[in-house]
Amino acid sequence: MRKMALAGMAAWGMTASAAMAKPDLRVERQMFVERVHTDINGRPRRILASASHAAPGDQLIFVVHWRNEGSEPVQGVALTNPVPRGALLTEADPSMQVSVDGGTRWGRLEDLWLPTPLGGTRRAVPADITHLRWSMPSRLSPGETARLSYRAMMR
């Protein structure tokens, strides 16, 4: 099961978003495992390593880079990312919207509810998150780049 999750994460890292509002916006995604090592002086040092060897409990860092490759400014774009299978979001960014149903409904996690098998509803929890979305209110001039990052944990 772990190999399937890692394969899904590797595919996530290489897939560009096909549903971008502007075709001139190039999006690249990277995924790393955060490792903590003790240096020669006994101090902890954090490094980013390849995510191909992620294990349950590892801290994952996702980085999304985008660049306006067009000749016109871009604004009002929403970046949407699926949460890779096997990853559990660990930090909630106030500017981030989440979906717990594959991207159909969006909102803050505390405002989302899911049906239960017996016909009731329950409040969504971090393990239910399927997609993340950030609205980009600022204007991105031609040639300009930006990035964001978020953390998750390997289940």
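How many helices and strands make up the secondary structure of the protein chain? The predicted model contains one helix and ten strands, where helices (H or I, at least four residues) and strands (E, at least two) are DSSP runs numbered from the N terminus. Along the sequence the pattern is α-β-β-β-β-β-β-β-β-β-β. Residues are numbered from 1 along each chain as its sequence is written. In this predicted model local features need pLDDT of at least 70 and side-chain atom pairs count only at pLDDT 80 or more, while totals for chains, interfaces and linings use all residues; side-chain values use heavy atoms, without hydrogens and water.

Three strands form an open sheet in the order β4-β9-β6, with antiparallel pairing; two strands pair if DSSP finds at least two bridges between them. Strands β4 (77–82) and β6 (96–99) are at the edges and have a single partner strand each, so one side of each lacks a neighbour in the sheet. Four bridges connect β6 with β9 (residues 131–136) in the antiparallel sense, and V98 has L132 of β9 as its bridge partner.

R29 belongs to strand β1 (residues 25–38). This residue is buried, meaning under 20% relative accessible area (exposed is over 50%, partly exposed in between; 1.4 Å probe, protein chains only). R29 has no salt bridge, defined as a side-chain nitrogen of Lys or Arg within 4 Å of a carboxyl oxygen of Asp or Glu. The nearest side chain of opposite charge, E28, lies 9.5 Å away; Lys and Arg count as positive, Asp and Glu as negative, and His and the chain ends are not counted.
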